[in-house]
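Q: Could you take a close look at one helix in this model and walk me through how it sits in the rest of the chain? I'd like one connected account, please.

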Amino acid sequence: MREEGPTLQSAAEFRSGFVVVVGRPNVGKSTLVNRLVGQKVAIVSAVPQTTRNRIQAVRTLPGRGQVVFVDTPGIHRPDHRMNRRMVAQTWQSLSGVDLILFMVDAEAGKGAGDHFILERLRTQSVPVFLLLNKIDRIRKPQLLPLIDAYIKESAFQEVIPLSAADGTHCDLLLDQILAVLPAGPAYFPDDYLSDQPERVLAAEIVREKLFQRTREEVPHSVAVRIDEYREEAALTRIRATILVDRDGQKGILIGRDGVLLKEAGMEARLELEAVLATKVFLELWVQVEKGWRDKGTVLDALGVVGPGD
């Protein structure tokens, strides 16, 4: 995990380290990482398995420390080669970190998937925090028995109920993270935010806008491939292909008279212009690629990498 050499920034009490966030799909891992970093580095949606690749995001607190958060795909029972790669990435991300944040959905309650993850986490030698997310959606009498059920099954260094959506107890979490990280220098410059290349970010933003506008059965079958990313003097040109499994899904994504695709493209373009601080020309095409989630060459091109084939 520690692939970058330390910078010259160093102080006696300055703390730094790598912190991985794991949990079932749709528990709010990416929302939390965005909240803790203070900027959007990962797309979010109500659709499970939105995150398909491990993402590093850095929060530097001047004079206090630097936290390298590792956002991971949700751990689930894989049914395609893509999903196997995603889950394998998450397990692989446990290696070489200083702290594990095990995040659960307090509203959904404890499930078999949480038990499965806990069995693996008990073999780790680093501290584990239990984070119970979405407390803004439940009442306190529901929360206490849930906490009790988790701590009976496993020992945690800290147990923190929070809401990644509205920020409740997120500052407390950040303080607790810094308290357990080792003293050491910053691993990245102060202005470093994420390891996501701009062309990857472009694909993710397009995918997020499509997720927000399509029915529940479509997003898992959608991927975005960047075919061209060209930076000019005052304009960035991006040409992308949206892959789907079936002809019917193509029609859904395009929408009547092409309205859905146009609106999603406009929203993606506006967000990209804000992020890239330049004008963006965005061109989107939809292509049917049957069974793309089981094709290694397609997954490689999309950047869904890792073991698990």
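A: Let's start in helix 6, where Leu201, Ala202, Ala203, Glu204, Ile205, Val206, Arg207, Glu208, Lys209, Leu210 and Phe211 are all buried. Keep in mind that this is a predicted model. That run makes up eleven of the helix's 14 residues, so helix 6 is mostly covered, given that buried means under 20% relative accessible area. Charged residues are in there too: Glu204, Arg207, Glu208 and Lys209 are among the buried ones.

In general, an α-helix has 3.6 residues a turn, so residues three or four places apart point the same way. Here the buried residues include Leu201, Ala202, Ala203 and Glu204, one after another.

As for its geometry, helix 6 takes in residues 198-211. From its first C-alpha to its last it reaches 20 Å, close to the 20 Å expected at 1.5 Å a residue.

What does the covering? For the buried residues of helix 6, the cover includes three strands, namely strand 7 (223-231), strand 8 (235-244) and strand 9 (279-288). It also includes two helices, helix 7 (247-254) and helix 8 (259-276).

Helix 8 deserves a stop of its own. Glu271 lies in this helix, and with a relative accessible area of 18% it is buried. Leaving aside neighbours within four places in sequence, Glu271 is in contact with Ile205, Glu208 and Lys209, and also with Lys40. Ile205, Glu208 and Lys209 are on the list of buried residues in helix 6, so you can follow this piece of the cover residue by residue, contact meaning heavy atoms within 4.5 Å.

Further along helix 8 you come to Val275. At 45% relative accessibility, Val275 counts as partly exposed. Its C-alpha is 9.3 Å from that of Glu198, although the two are 77 residues apart in sequence. Glu198 sits in helix 6, which starts at residue 198.

Now step off helix 8 into the loop that leads to strand 9, and you find Ala277. Ala277 is exposed, with a relative accessible area of 68%. Try drawing a line from there to Gln249: the residues are 28 apart along the chain, and their C-alpha atoms are separated by 33 Å. Gln249 falls within helix 7 (247-254), another part of the cover.

The other loop to check here joins helix 7 to helix 8, and Asp257 is found in it. Its phi is near 55°, a positive value in a residue other than glycine. At 67% relative accessibility, Asp257 counts as exposed.

For a counterpart, go to Lys134, in the loop between strand 5 (128-133) and helix 4 (140-153). Lys134 isn't a glycine either, yet it has a positive phi of about 70°. Most residues other than glycine have a negative phi. Whereas Asp257 is exposed, Lys134 counts as buried, at 12% relative accessibility.

While you're in that part of the chain, have a look at His169, in the loop between strand 6 (158-161) and helix 5 (170-180). It is partly exposed, with a relative accessible area of 39%. Neighbours within four places in sequence aside, His169 is in contact with Ile135, Ile160, Pro161 and Leu162.

Helix 4 also gives a handle on distance, through Asp148, which lies in it. Asp148 is partly exposed, with a relative accessible area of 34%. Between the C-alpha atoms of Asp148 and Thr241 there are 48 Å, with their positions 93 residues apart along the chain. Thr241 belongs to strand 8 (235-244), which is part of what covers helix 6.

Zooming out, the chain has nine helices and nine strands. Its C-alpha atoms fill a box of roughly 55 × 45 × 35 Å along the principal axes. The radius of gyration is 20 Å, which agrees with the value near 19 Å that a compact globule of 309 residues would have. Of those residues, 51% count as buried. Among contacts between residues at least 6 apart in sequence, 74% join residues at least 24 apart; the contact between Glu271 and Lys40 gives you one to look up.

On the outside, the accessible surface comes to about 14,200 Å², and 50% of it belongs to carbon and sulfur atoms. As for charge, the chain has 40 positive and 41 negative charges, whose mean positions are 4 Å apart.

How values were computed
Residues numbered from 1 in each chain as written. Predicted model: local features only at pLDDT ≥ 70, side-chain atom pairs only at ≥ 80, totals over all residues. Heavy atoms only, no water. Helix = DSSP H or I, 4+ residues; strand = E, 2+ residues; numbered from the N terminus. Rg over C-alpha atoms; globule rule 2.2 N^0.38 Å. Buried < 20%, exposed > 50% of the residue type's maximum accessible area, 1.4 Å probe, protein only. Areas by Shrake-Rupley, 256 points an atom, 1.4 Å probe, with all protein chains shown as cover. Lys, Arg positive; Asp, Glu negative; His and termini not counted. Charge placed at Lys NZ, Arg CZ, Asp CG, Glu CD. Expected span 1.5 Å × (residues − 1).
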